[in-house]
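Dear colleague,

I am handing over the structure below for your records. My notes on what was found in it follow directly after.

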Protein chains: 2
Amino acid sequence: MNNFEFKNPTKIIFGKDSISKLSNEIPKDAKILMLYGGGSIKKNGIYDQVKTALANHDVIEFAGIPANPEYAVLMEALKVIKDENISYLLAVGGGSVIDGTKFLSAAALFEGNNPWDILVKNIKTDKGMPFGTVLTLPATGSEMNSGAVITRKETKEKLTMGGPGLFPEFSILDPQVITSIPQRQLANGLTDAFTHVLEQYMTYPINARLQDRFAESILQTLIEVAPKVLKDPTNYKAASDFMWSCTMALNGLIQKGVPGDWAVHAIGHELTALFGIDHARTLAVIAPSHYKFNFEAKKEKLAQYAERVWNITEGNTDAKAHAAIEKTEAFFHQLGIDTKLSDYTKDYEGTAETISKRFTERQWLGLGEHKSLSPDMVEEIVKMAY
Amino acid sequence: MNNFEFKNPTKIIFGKDSISKLSNEIPKDAKILMLYGGGSIKKNGIYDQVKTALANHDVIEFAGIPANPEYAVLMEALKVIKDENISYLLAVGGGSVIDGTKFLSAAALFEGNNPWDILVKNIKTDKGMPFGTVLTLPATGSEMNSGAVITRKETKEKLTMGGPGLFPEFSILDPQVITSIPQRQLANGLTDAFTHVLEQYMTYPINARLQDRFAESILQTLIEVAPKVLKDPTNYKAASDFMWSCTMALNGLIQKGVPGDWAVHAIGHELTALFGIDHARTLAVIAPSHYKFNFEAKKEKLAQYAERVWNITEGNTDAKAHAAIEKTEAFFHQLGIDTKLSDYTKDYEGTAETISKRFTERQWLGLGEHKSLSPDMVEEIVKMAY
């Protein structure tokens with residue numbers, strides 16, 4: 001096991017009707033900016049639940065944070081924060097709204113001239129404006145971690161940020177929100193959480209027994225509950241297991257003491273930036289190619305995953321490892337998620353070269369578990385995903 | 001899954017040579033009381049590592065906190081805290097030293113007249129004196145939770161306390177400390193952590209899939225590493241898995257959203273109070289009887305444990321459940337831990353009645369997963385453990 005530090009101070013309030021507990025979590029004298037997305041929360045009742053819970057608080061709203069939270073929109077929200085002397089942020093939404101709120105938490109107290117520097121200069125935030133979340137879409141795990149991904153359309157960039165000051169003070173997780181989520185987004189959430197675990201688990205083996213088993217636990221649980229959640233989102237038991245699995249998939253715990261990979265995300269982000277493909281679907285496109293391309297390095301762990309998660313007992317290490325990749329693709333297909341770039345766009349020719357070129361132009365630190373993947377290798381992986 | 005709240009703000013600093021990071025975690029202007037036990041840290045080098053790391057801090061020492069931290073000794077330490085204007089506590093030890101430090105954290109800021117009230121009146125501590133820990137013995141999980149157990153010899157009482165203000169600010173876990181721990185204590189630690197998981201897992205089934213699997217992950221890991229740790233405490237990989245498993249066994253995570261039992265601990269504490277038997281060994285004595293006595297209520301979960309943790313595939317639910325209890329006893333025996341009260345004392349006759357009477361005299365809230373075990377039932381369980 002590698003040395004590690006772990007601290008996650010976010011308070012989770014989990015369960016049925018937990019949104020009503022909101023008012024206890026925010027100081028009475030706070031001036032709150034409530035941030036949300038396209039307005040679905042007004043249809044499914046969550047907006048009303050939040051407003052009722054905060055009836056005795058001072059709340060201003062900012063709506064319209066898009067999927068893949070857009071820098072230009074966030075800069076409008078930042079102006080509201082400054083103009084209205086906001087002191088507390090409340091994200092009501094999925095990963096995009098929460099990530100956008102994290103950027104605002106950092107930007108509100110940022111002392112530099114240009115908030116974009118937080119992203120391009122990778123400035124860690126030690127102290128942000130306090131914020132909480134009401135999660136409406138289980139997927140990204142952003143509700144219990146300190147990272148965010150922000151998109152800037154004008155430059156087709158999608159960059160990450162974070163820091164110990166960007167954990168939500170609290171996150172409210174009511175599995176009943178799942179009843180109103182479209183199938184497409186449920187499938188995305190399942191895929192996103194599943195791939196998050198793979199990024200932290202599918203590496204060279206270092207035999208950290210507990211971290212491996214925790215990762216496998218999340219994968220097994222997602223596989224079991226996925227068909228139940230898609231078939232009947234009102235199945236509260238399945239919804240609870242799904243929601244808690246998504247949070248545990250990326251709250252820092254399973255990554256501690258072990259190597260991480262994250263090449264699938266890095267390459268996938270490019271596909272979202274270039275084609276606007278849903279984040280989760282880009283992961284399902286890239287992951288199988290990534291594991292095939294890096295088969296030798298990952299086959300031990302792929303075989304362990306085959307045995308423990310998919311109950312594959314036949315064959316040697318190579319055979320089990322190959323079978324595990326097939327099972328993973330089949331799982332995505334079962335969710336209704338396509339796993340080839342050509343399923344999403346007819347203009348895929350040249351994408352591999354474009355992405356390789358974009359990576360080459362940036363300060364290249366290497367991708368993958370050893371930071372050893374070159375732009376040329378990425379080009380191959382993307383071609384395998386056509 | 002039941003509704004739950006989860007917040008654990010303790011910072012874990014895990015790994016080889018991590019004690020040297022101590023000075024970054026405590027304010028430079030703090031006046032520190034360093035608390036430890038019988039002095040083994042002076043033999044194994046941990047004392048020197050701590051003192052070197054804190055060379056530029058103001059540190060006073062208090063030695064001699066015994067196993068099952070004794071109220072009278074802690075009251076002496078409390079006097080030092082007041083007399084010397086201590087502002088920060090540092091526990092260097094195992095669960096007993098850390099638990100004692102938690103009591104002092106609470107008592108130092110307690111506004112009542114009698115600190116004993118914190119225990120007998122079960123007063124929750126919302127804010128204690130800040131403290132950190134350097135863990136020298138993996139076992140209790142106290143390094144990452146907010147609970148403590150304190151003993152008072154004069155009344156033969158062993159009582160619990162806690163509250164959100166009693167999480168350590170940080171805990172340093174260096175698996176190398178295991179190299180100097182006597183076999184007896186290593187076996188105790190393995191048994192203690194194993195039983196902690198059972199208390200949170202071996203209940204009626206509510207099918208919280210992720211919590212079940214996380215609990216099973218810890219049990220499987222402890223079973224795998226136990227012989228390695230006992231055979232060669234310098235096996236750093238095994239030591240790391242052991243140490244992290246003990247922490248995860250009782251940091252709150254696996255208990256969230258599920259029922260807990262804790263009757264084994266409640267009854268076991270009485271055996272320690274009456275006979276001075278090591279805490280972990282009392283758990284190994286009581287657990288098998290408890291599961292046999294409450295077999296009908298627990299057999300579904302016992303059978304799941306049999307299948308997933310012990311790979312028992314033969315037989316019906318009852319047969320698997322019985323086999324799982326046998327496997328558990330055999331595991332304790334393998335560690336060198338006896339599982340009958342008569343193995344520890346010849347004066348066991350009448351113990352069941354004595355414990356039942358003690359429970360009857362207290363305000364009886366019932367024990368077990370439904371708080372439905374009466375003193376009479378406890379009497380039966382203890383008799384089965386003779």
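In the loop between helix 8 (236-249) and helix 9 (263-275) of chain B sits B:W262. The phi angle of B:W262 is near 70°, which is positive although the residue is not glycine. Most residues other than glycine have a negative phi. Please bear in mind that this is a predicted model.

A positive phi is also found in chain A. There, A:K371, again a residue other than glycine, has a phi near 55°. A:K371 belongs to the loop that links helix 13 (351-361) to helix 14 (375-384) of chain A.

A record offers some context for chain A. In an unreviewed entry, UniProt annotates residues 189-386 of chain A as "domain: Fe-containing alcohol dehydrogenase-like C-terminal". In the model, that span is 67% helix and 0% strand, and its end C-alpha atoms are 23 Å apart.

I turn next to the contact between the two chains. How many residues does each chain bring to the contact? Chain A supplies 40 residues, and chain B supplies 40 residues. Together the chains bury about 3900 Å², and carbon and sulfur atoms account for 55% of that area.

Polar and charged pairs also occur across this contact. There are 21 residue pairs in polar contact between chain A and chain B, counting pairs in which both residues have pLDDT 80 or more. The salt bridges between the two chains number 8. One of the salt bridges joins A:R209 to B:D241, with 3.3 Å between the closest N and O atoms.

Which elements of chain A give two or more residues to the side that touches chain B? They are strand 1 (4-14), helix 7 (209-231) and helix 8 (236-249) of chain A. Helix 7 of chain A makes the greatest contribution to that side, namely 12 residues. Sorted by class, the side of chain A that touches chain B consists of 18 nonpolar, 11 polar and 11 charged residues.

Strand 1 of chain A also takes part in strand pairing across the two chains. In what sense does strand 1 of chain A pair with strand 1 (residues 4-14) of chain B? The pairing is antiparallel and extends over 7 bridges. Within this pairing, A:I12 has B:F6, in strand 1 of chain B, as its bridge partner.

With kind regards

Terms used: Residues numbered from 1 in each chain as written. Chains lettered and ligands numbered in written order. Predicted model: local features only at pLDDT ≥ 70, side-chain atom pairs only at ≥ 80, totals over all residues. Heavy atoms only, no water. Contact = heavy atoms within 4.5 Å. Buried area = accessible area lost by both parts, 1.4 Å probe. Salt bridge = Lys/Arg side-chain N within 4 Å of Asp/Glu carboxyl O. Polar contact = N/O pair within 3.5 Å; in protein donor to acceptor, adjacent residues only side chain to side chain. Helix = DSSP H or I, 4+ residues; strand = E, 2+ residues; numbered from the N terminus. Nonpolar A, V, L, I, M, F, W, Y, C, P; charged D, E, K, R; others polar. Pairing = 2+ DSSP bridges. UniProt positions renumbered as here; feature names shortened; annotations may be inferred.
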